[in-house]
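Please load the model in your viewer and keep a selection panel at hand, since the tour moves from one selection to the next.

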Amino acid sequence: MASEATAVRGSQARNDGFSAVDLLGRVAPLLFLLILVAILSYLEPGFRTERNLFNVMRQVSIIGILAVGMTFVILTAGIDLSVGSMLAFCGMACAVVARGSRSLLEGSDPGGIRVLWAALAAMGLGLLLGLFQGTLIGYLKIPAFVVTLGGLGAWRGATLLLSEGQPISSFSDDFKWWGQGFVGRVPVPVIVFLVFVLIAFIILRYSQYGRWIYALGGNQEAARLSGLNTTALVISVYGISGFCAGTAGFLLTSRLNSAEQVAGQGYELQSIAAVVIGGTSLFGGEGGVLGTFIGAMLIGVLNNGLVILNVSPYWQPIVVGSVVVLSVFIDQFAKRRRRRV
Amino acid sequence: MTDASPLLQMNGVDKQFPGVHALREVSLHVWAGECLALVGENGAGKSTLMKILSGVYPADSGRLLIDGQEVKPQNPHHAQTLGISIIYQEFNLFPNLSVEENIFIGREPNRTGFVKRRDLRVDAVALLDQLGVQLDPRSIVRNLSVAQQQMVEIAKALSLNARLVIMDEPTSALTDTEVQALFRIIRGLKEQGLGVIFITHRLEEIFSICDRITVLRDGQNAGDLDVADASPEKIVQLMVGRAVSELFTKQESAAFGEPVLSVRGVGRAATAQDAARVVLKNISFDLRAGEILGLAGLVGSGRTELARVLFGADPFDNGEILVEGKQVRIRNPSQAIEHGIALVPEDRKLQALVLLLSIRENISLPNLGELSSFGFVRRKDERALVAKYIEALRVRTPSQDQKVMNLSGGNQQKVVLAKWLSRNPRILIVDEPTRGIDVGAKAEVHELLTALAHTGVGVLMISSELPEVLRMSDRILVMREGSIAGELSRPDATQERIMELATGLGSSATAA
């Protein structure tokens, strides 16, 4: 979100105007989230429980992890439409590796090694597929939209081939722990999501690599003429996105205790929505992962609130869609005001 | 067209842009059946004047008359209905459509929305015949040569019943035979009673096709002559004859050292497929430590292309580049930077700055390697480095976290310079270093470049402003059509000599 961009890049006092509209534009998603939480808490006391909070977070954690990777991609003015299908493919690959883990658990072997291999298979495959797509985009200069649209279809097909059309179900408790377990009272996927957000935040805000990403997204030619290896950078962000998709695939398979062919369908659009609601510009160079976190939470709370209020689930996509458009509108409105000065 | 008023008159046209007085009281006229040459240096106001004529901008004051009747073109379409057609260097054609579709685009003969293809064909053939052009109306424009595409543009202008055709450097991409073909068409247009305004940098063409010459200089009329009374020398003198240039004192030279950059026979073709069309042809020169080497020439003569090749931004096909006497391999900007080369590009907003980022982030961008430990930027060191250069270059800003977007042109240019000076380059290439910045900032940039040369940096300075070139350079290379047309030492250099070399009319010193 815009307010996060400010936080990231302007720790000192800023002088470029600070009107009410400006402020509203920067904190709009956070403000909207807080208002929504307040209203829901008032209408339904059950909403404000710790249990429900973690429930909401667990629901958004998979899309949230995809959105963290998507933030890197969109910051470079790219797009990754393949993450939902990639999630399914990686989830299926991980299930294939983990399939035998039940017998190991029942025997004397703790089965932990097998789970580790399964997780690495999902994440490694995601990384590789992402790097492959990134190479087509960065090196062969095929538009990201086209490459990842191809991926959207291809990886879904690969999932079907790999599984021969059948879901793979029932894993060991060790395996299921990653999707269903808790550390204290916090669900494991929520912890993974928060760790991803934290790492991405540190990279984008403090590292050299993060600075390169913003420079590349802000002006690719200037970045190249400043000596940056822009091709490698482009490839890398799709690698990151693929890695996140692989991780999400592992967690979702674990959480559902089943690798499904239809897993993650439509998640690409929801994760893009989270990034955009969070104020990262689709033109690149502006935004950050804290905004994405808020965007993902906003989607989760909206969906949860609609369920709590007994609104038909058919309304959910309509509401989320409207919020995407509204948040971009507010952001752009504020920026226009800011730049006119 | 037999009465006493010219086809077109522009009287006292004045135009101001923020910070620039582009045109001051400019007047010109064109008679029916006449070809008028409009000449002047880059930035003299030719393009602005033609944009006013074709309705792109309104004039601030002044009158436009066609057949003695005052008109005010509101937009390009309106100008077309007034009979004014302009043919730009970059054609406005649809590459995937055929010749006939392009000629009649938006005005296709039709019956309730369906194109009458036969009428379209007949009309197109009639037009092309009128022009005397052999061209299949069904050809797809993408597959045509530049010259043929130009014919399509001219046919389109005729189909719009143009009475005045403006051609902006129509010959710059044509071969000699194509130029002759174009001239035949222009003569045909004149015979049909059309007026033509012909903008060119190639002065010799004026003598073969034009009847009269209007010269612009610094946005003002500098002279109006009949071709019969003109000579190339006279035209060049009118183009550059600035009295103000005397006000600039030449900068003191530094002591020169060994060559820091040597270029040997560098050439580059326009595209890999088309080796015949060269962008750079056999370029060789030395740049010594402490020297400011001016690179003059017209826009499009290959100056910027040379700078980009030397910095690794574009590839080159043959020749070699030596840094401090050693042959180096420069295939991307990062390798050039490693060899101590820096480039301040032509367009700071598009090529040099990330406008959304702060001054700090822009200046430190090429230095992040040195400013980082284990991949993380050492913020304190970064701030110190940036503060040093903001101070040294007197960048006017309240904070180094100010977004570059919010700075003035002069301050933005200082940020670009700071970004590269912070790397202590041995070779600094600057492309139009003072374009679009105010006089004060310009003087500061000039001082800075001189001071750098005194510290032993070799500076290669590209500029279209002749007074700037003359004032700053220790030696001047003049480029024309991708090769070095000549070299002038400091005592010999005058605006006239540079223009002679740049336009190819030099009676002497044309050895390359």
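The stops below go from chain A as a whole to one helix pair and then to the side that touches chain B.

This is a predicted model, in which local features need pLDDT of at least 70 and side-chain atom pairs count only at pLDDT 80 or more, while totals for chains, interfaces and linings use all residues. Residues are numbered from 1 along each chain as its sequence is written, and chains are lettered from A and ligands numbered from 1 in the order in which they are written.

Select chain A and show it as a cartoon: 15 helices and four strands appear, where helices (H or I, at least four residues) and strands (E, at least two) are DSSP runs numbered from the N terminus. Of the 341 residues in chain A, 55% are buried, that is, with 20 or more other C-beta atoms, placed from the backbone, within 10 Å of their own.

Next select residues 50-75 and 289-308 of chain A, helices α3 and α14, which pack at an angle of about 145 degrees with their axes 9 Å apart; axes are lines fitted to C-alpha atoms over the stretch in contact, and angles run from 0 to 180 degrees between N-to-C directions. Among the residues that make the contact are I63(A), G64(A) and A67(A) of α3(A) and G295(A), A296(A) and I299(A) of α14(A), contact being C-beta atoms, placed from the backbone, within 7 Å.

Finally, show chain B as well: 24 residues of chain A are in contact with 29 residues of chain B. Select α10 (208-218) and α11 (220-225) of chain A, the elements that give two or more residues to this side; α10(A) provides the largest share, six residues.

Definitions and conventions. Contact = placed C-beta atoms within 7 Å. Buried ≥ 20, exposed ≤ 12 C-beta atoms within 10 Å, placed from the backbone.
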